[in-house]
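Here is a small set of exercises to work through with the model open in your viewer. Try each task before reading its solution.

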Amino acid sequence: MVAIASFWDERKLLVFVTLIIVASIVMLVELEAARRGDRSLPDQLITSVIVPVEDALTQTEGAVATEVRTLTRAGTLASDNAALQRKVQELAASNERLKEHAAENVRLRRMLALAQTVPLQTIAASVVGYAPEGTRREITIDRGWRDGVSHDAVVLDGDGLVGHVMDTGPHDAHVLLIIDPTSNVPAFLRDTRTWGIATGTWQHIRMKYIGQDVKVRAGDTVVTGKGEIYPEGIVIGTVREVDRKDNALYQSAVVTPAVDFDGLLHVLVVRR
Amino acid sequence: MPPRFWALVLVAVGAIIVQSTLLQPLTLRGAHVSLLTILLVWTGLRCGVTTAGALGLLSGAIEDALGGAGVNVLATTVTGLCAGLLNVRFFADSLPVFVSAVGFATVLRGLVTYMVSELALGIRGSFHRASHELVWQCVLNCAVAALALIIERIAGHVRK
């Protein structure tokens, strides 16, 4: 009886130790690949199978949600329709006025010889998934190196900066969000042109290393500064509160991101 | 009869996909439910160390491939192995045993993940956030685990 118990204990111990060693090796391989901004071979295989399924599921969920919304609103559709018709008439009138303004705007631009800023070349992508356990703030998009997405490419949406590409597969890429604690973005306050580093704090961003003599106010806009990865002038967010201590070398500010990271559906990837 | 390993792997893959897509907007004070942790405990109680540990290893590697940069695989393997040590087939259907095991597994997994994040990724000073989310994830996981077991029992009765 004792011999059997000891045999089982030894077997359990062997399984325990073996699996922990294998898991540690897998972890080290993954961490090393992440540091290089690369993907290990098993990762490539897994993502090539699972990301299309995630994509299909996300699209199906979107379609079902739209149908459900339409059905729940069916009762109010008639009154909505009448209100919309009135709105169309109002908009048609204001559209004419806007056309005149637009033409005037073009003339003024020509007169002032304003240089058009060179638009960034971007690739549109859809968000197909988030990190499963929320252990990192990252998303998966449905465009990869075959579509022109490269490592360290900057990712934006209509409201501002989303993050940068960590690694790419042929048809998908992982994007590190700017709210992840490992994300550091060169940033400056738009009004005072004061530099700092915007670091993620899971939900928000903290702009660190702002000089003590700078006057920072809640509501100030924070934008990207030109760096190795980031182009200049992309909105990061607005200052929510300032953390200033008299005996510290620098002050810091809590920044509310411009982008709603929980509702991300589509993003733009800047071509490098 | 214990379930087949490949069937468990398929369920784990399904759970991970659902977590990273459909369940993503559902949070309780910043915490997400972890279907995988619940599955690992369920497997550990019924199938033992080897199956739960191997499932933890595989599913952790899959989670890391989908976003995690290596912080999940050790945590899921340890969780699977520890759940497997409980291996109380006779009590596996007991609601209090299952729910408490899920609670402990959630805390254990959270702690291992936190340590790996701090040591390997250099994320400093996140204990407050990690502990706060861990408490709420514990509540969520226990609630979902209890619900899953009740549904499993009802399904069993209907089949009979």
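## Exercise 1: From a hairpin to a barrel

In this predicted model, a hairpin of two residues connects β3(A) to β4(A).

**Task.** Work out which strands flank β3(A), and which residues stand opposite A:V155.

**Solution.**

1. Begin with the hairpin partner. β3(A) and strand β4 (residues 160–168) of chain A run antiparallel and are joined by four bridges. Within this pair, A:V155 faces A:G163 in β4(A).
2. Now turn to β12(A). Strand β3 (residues 154–157) of chain A pairs with β12(A) over two bridges, again in the antiparallel sense. Here A:V155 stands opposite A:V269, and A:L156 has A:L268 as its bridge partner.
3. Put the two steps together: A:V155 has A:G163 opposite it in β4(A) and A:V269 opposite it in β12(A).

**Task.** Continue from β12(A) to find what β1(A) pairs with, then give the order in which the barrel closes.

**Solution.**

1. Strand β12 (residues 266–270) of chain A pairs with β1(A) through five bridges in the antiparallel sense. A:V269 turns up again in this pair, standing opposite A:I123.
2. Strand β1 (residues 122–130) of chain A also pairs with strand β2 (residues 138–141) of chain A, antiparallel and over three bridges. A:G129 is found opposite A:T140 in β2(A).
3. The complete ring has six strands, closing in the order β1-β2-β5-β4-β3-β12 of chain A with antiparallel pairing. From one strand to the next, the twist averages 45°.
4. As a reminder of what holds such pairs together, strands of a sheet pair through backbone hydrogen bonds.

## Exercise 2: A helix across the strands

**Task.** Check the length of α2(A) against the expected rise per residue, and then locate its kink.

**Solution.**

1. Helix α2 (residues 41–72) of chain A has 32 residues, so at 1.5 Å a residue it should span 46 Å. Its end C-alpha atoms are 46 Å apart, which agrees.
2. The helix does bend: a kink of about 30° is centred on A:T47.
3. A:T47 is also among the buried residues of α2(A), which include A:D43, A:I46, A:I50, A:V51, A:E54, A:D55 and A:T58.
4. To think about that list, recall that an α-helix has 3.6 residues a turn, so residues three or four places apart point the same way.
5. Finally, place the helix against the barrel strands: α2(A) lies across β1 and β2 of chain A, at about 90° to β1(A).

## Exercise 3: The partner chain

**Task.** Describe the fold of chain B by its elements, and decide how its radius of gyration compares with the globule rule.

**Solution.**

1. Chain B has six helices and zero strands, which gives α-α-α-α-α-α from the N terminus on.
2. The radius of gyration of chain B is 15 Å, close to the 15 Å that the globule rule gives for 160 residues, so chain B is as compact as a globular protein of that length.
3. Along the principal axes, the C-alpha atoms of chain B fill a box of roughly 55 × 30 × 25 Å.
4. Among the 160 residues of chain B, 51% count as buried. Of the chain B contacts with a separation of 6 or more, 74% link residues 24 or more positions apart.

**Task.** Which element of chain A gives the most to the side that touches chain B?

**Solution.**

1. The contact draws 39 residues from chain A and 42 residues from chain B.
2. On the chain A side, α1 (2–36), α2, β1 and β2 each supply at least two residues.
3. The most comes from α1(A), with 13 residues.

Conventions. Residues numbered from 1 in each chain as written. Chains lettered and ligands numbered in written order. Predicted model: local features only at pLDDT ≥ 70, side-chain atom pairs only at ≥ 80, totals over all residues. Rg over C-alpha atoms; globule rule 2.2 N^0.38 Å. Buried ≥ 20, exposed ≤ 12 C-beta atoms within 10 Å, placed from the backbone. Contact = placed C-beta atoms within 7 Å. Expected span 1.5 Å × (residues − 1). Bend = angle between axes of the 7 residues up to and from the residue. Pairing = 2+ DSSP bridges. Axes fitted to C-alpha atoms, helices over the stretch in contact; angles between N-to-C directions.
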